[in-house]
Amino acid sequence: KILRIHVKEDGSYDIPDGNLFPPQEPRAKPEIYVMGDRNPYRISVDPKNSFLYWGEVGPDSNVDSFETRGPRGYDEINQARKPGYFGWPLFVGDNYPYHHYDYGTGRPGPAFDPLHPVNDSRNNTGLRDLPPAQAAFIWYPYLPTRYFTDMGAGGRTAMAGPVFYSDLYPAETRLPDYYNGKVFIYEWMRNFIRVVTLRPNGDFYKMEPFMENVKFAAPVDIEMGPDGQMYILEYGTGWFTKNKDSGLFRVDTR
């Protein structure tokens with residue numbers, strides 16, 4: 001889940017109107033803005049229209065089993081223009097459904113319905129009937145995908161944001177105006193940054209590389225500074241070690 005609250009000066013918080021569930025719903029938390037996320041990572045809010053973006057790290061399976069269990073694993077870049085349920089653990093990617101499964105008998109049942117998702121787990125203490133599932137904004141498996149070819153192939157750790165607007169920053173130092181209104185997404189495992197152009201209504205239009213000749217070392221966070229320049233935090237190429245190539249870097253464009 002991703003929560004939306006308003007923190008007050010004394011450290012307490014209010015719950016804004018318009019979250020996914022009303023305060024009077026006893027089986028759900030009114031702080032929830034979106035739910036049905038699997039490992040949401042690096043959320044970012046569009047500073048002009050408040051669209052929420054986040055990366056979502058999916059399951060590991062590399063094989064589709066649509067007739068018995070469900071789809072392979074996908075990572076997702078998600079966009080929420082309003083509160084919603086984003087599918088996990090009943091759906092992944094473009095609302096590809098998993099199947100009901102009886103672990104006692106080892107027999108699969110019917111696939112879940114994205115228009116009428118039902119959480120009938122015996123461990124469920126919340127709502128049984130869930131809101132309609134929202135499909136991912138961008139989705140990709142380990143292998144290349146025909147839907148988003150610029151994502152390539154390899155390991156998967158999706159991250160999303162920020163959204164850049166030229167008029168929020170000084171002309172002398174900001175990124176080129178070409179990137180105005182575009183969303184930056186990035187991949188910790190695949191070591192790249194991509195730029196997503198949106199249609200006027202916010203739908204996906206196209207994707208392209210960003211600094212494609214630069215070798216990144218596992219970008220793990222990106223923010224725009226007050227100068228309009230991009231700051232990139234890189235984890236480094238080693239796992240759980242003192243990486244000499246980790247660091248915080250600034251992209252100077254002029």
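## Charged pairs, aromatic rings and selected residues

Arg 81 forms a salt bridge with Asp 203, and the closest N and O atoms of this pair are 2.4 Å apart. The two partners belong to distant parts of the chain, since Arg 81 sits in the loop between β7 and β8 (84-85) and Asp 203 in the loop between β16 and β17, 122 residues apart. Arg 81 counts as partly exposed at 37% relative accessibility, and Asp 203 likewise counts as partly exposed, at 31%. The model is a predicted one, and the values in this report are to be read with that in mind.

### Salt bridges

Side chains of opposite charge can pair when their charged atoms come close. The structure holds 10 salt bridges, and the table sets out three of them.

| Positive residue | Negative residue | N to O distance | Separation in sequence |
|---|---|---|---|
| Arg 81 | Asp 203 | 2.4 Å | 122 residues |
| Lys 48 | Asp 167 | 2.8 Å | 119 residues |
| Arg 156 | Asp 75 | 3.0 Å | 81 residues |

The side chains of Lys 48 and Asp 167 meet in a salt bridge, with Lys 48 in the loop between β5 (40-45) and β6 (52-56) and Asp 167 in the loop between β14 (158-163) and β15. Lys 48 counts as partly exposed at 45% relative accessibility, whereas Asp 167 is exposed, with a relative accessible area of 56%.

The salt bridge between Arg 156 and Asp 75 has a different setting, as Arg 156 is buried with a relative accessible area of 7% and Asp 75 is buried with a relative accessible area of 0%. Arg 156 lies in the loop between β13 (138-140) and β14 and Asp 75 in strand β7 (residues 75-80), so this pair ties together parts of the chain that are 81 residues apart in sequence.

Both of these residues are also touched by Glu 187, whose contacts beyond four places in sequence include Asp 75, Arg 156, Tyr 140, Phe 192 and Pro 219. Glu 187 lies in strand β15 (residues 183-187) and is buried yet has no salt bridge, the nearest side chain of opposite charge being that of Arg 190, 4.3 Å away. The side chain of Glu 187 does, however, have a polar atom 2.8 Å from the backbone nitrogen of Thr 157.

### Aromatic rings and charges over them

The count of aromatic pairs comes to 18. In one of them, the rings of Trp 139 and Tyr 147 have their centres 5.6 Å apart and their planes at 45°, so the pair is tilted. Trp 139 counts as buried at 8% relative accessibility, while Tyr 147 is partly exposed, with a relative accessible area of 41%. For Trp 188 and Trp 239 the ring centres are 5.3 Å apart and the planes stand at 85°, so the pair is edge-to-face. Trp 188 is placed in the loop between β15 and β16 and Trp 239 in the loop between β19 (230-234) and β20 (247-251), so the pair ties together parts that are 51 residues apart in sequence. Trp 188 counts as buried at 15% relative accessibility, whereas Trp 239 counts as exposed at 53%.

Trp 139 and Tyr 147 also belong to one aromatic cluster, which is formed together with Tyr 53, Phe 137, Phe 148 and Phe 204. Charged side chains are found over rings as well: Arg 69 lies over the face of Tyr 101, at 3.7 Å from the ring centre, and Lys 182 lies over the face of Tyr 178, at 4.7 Å from the ring centre.

### Individual residues

Lys 182 appears again at Thr 197, where a polar contact of 2.9 Å joins the two side chains. Thr 197 is located in strand β16 (residues 192-198) and counts as buried at 11% relative accessibility. Beyond its neighbours within four places in sequence, Thr 197 is in contact with residues including Asp 203, Phe 204 and Glu 208.

Ile 32, in strand β4 (residues 32-35), counts as buried at 3% relative accessibility. With residues up to four places away left out, Ile 32 touches Lys 1, Ile 2, Leu 3, Asn 19, Leu 20 and Phe 21.

Met 211, in the loop between β17 (204-210) and β18 (219-224), is partly exposed, with a relative accessible area of 30%. Its contacts, not counting residues up to four places away in sequence, are with Phe 216 and Val 251.

Methods:
Residues are numbered from 1 along each chain as its sequence is written. This is a predicted model: local features need pLDDT of at least 70, side-chain atom pairs count only at pLDDT 80 or more; totals for chains, interfaces and linings use all residues. Side-chain values use heavy atoms; hydrogens and water are left out. Helices (H or I, at least four residues) and strands (E, at least two) are DSSP runs, numbered from the N terminus. Buried means under 20% relative accessible area, exposed over 50%, partly exposed in between (1.4 Å probe, protein chains only). A polar contact is a pair of N or O atoms within 3.5 Å; within protein, one must be able to donate a hydrogen and the other to accept it, and residues adjacent in sequence count only if both atoms are side-chain atoms. Contact means heavy atoms within 4.5 Å. Lys and Arg count as positive and Asp and Glu as negative; His and the chain ends are not counted. A salt bridge is a side-chain nitrogen of Lys or Arg within 4 Å of a carboxyl oxygen of Asp or Glu. Rings of Phe, Tyr and Trp (its six-membered ring) pair if their centres lie within 6.5 Å; planes under 30 degrees apart count as stacked, over 60 as edge-to-face and the rest as tilted. A charge sits over a ring if NZ of Lys or CZ of Arg is within 6 Å of the ring centre and within 35 degrees of the ring normal.
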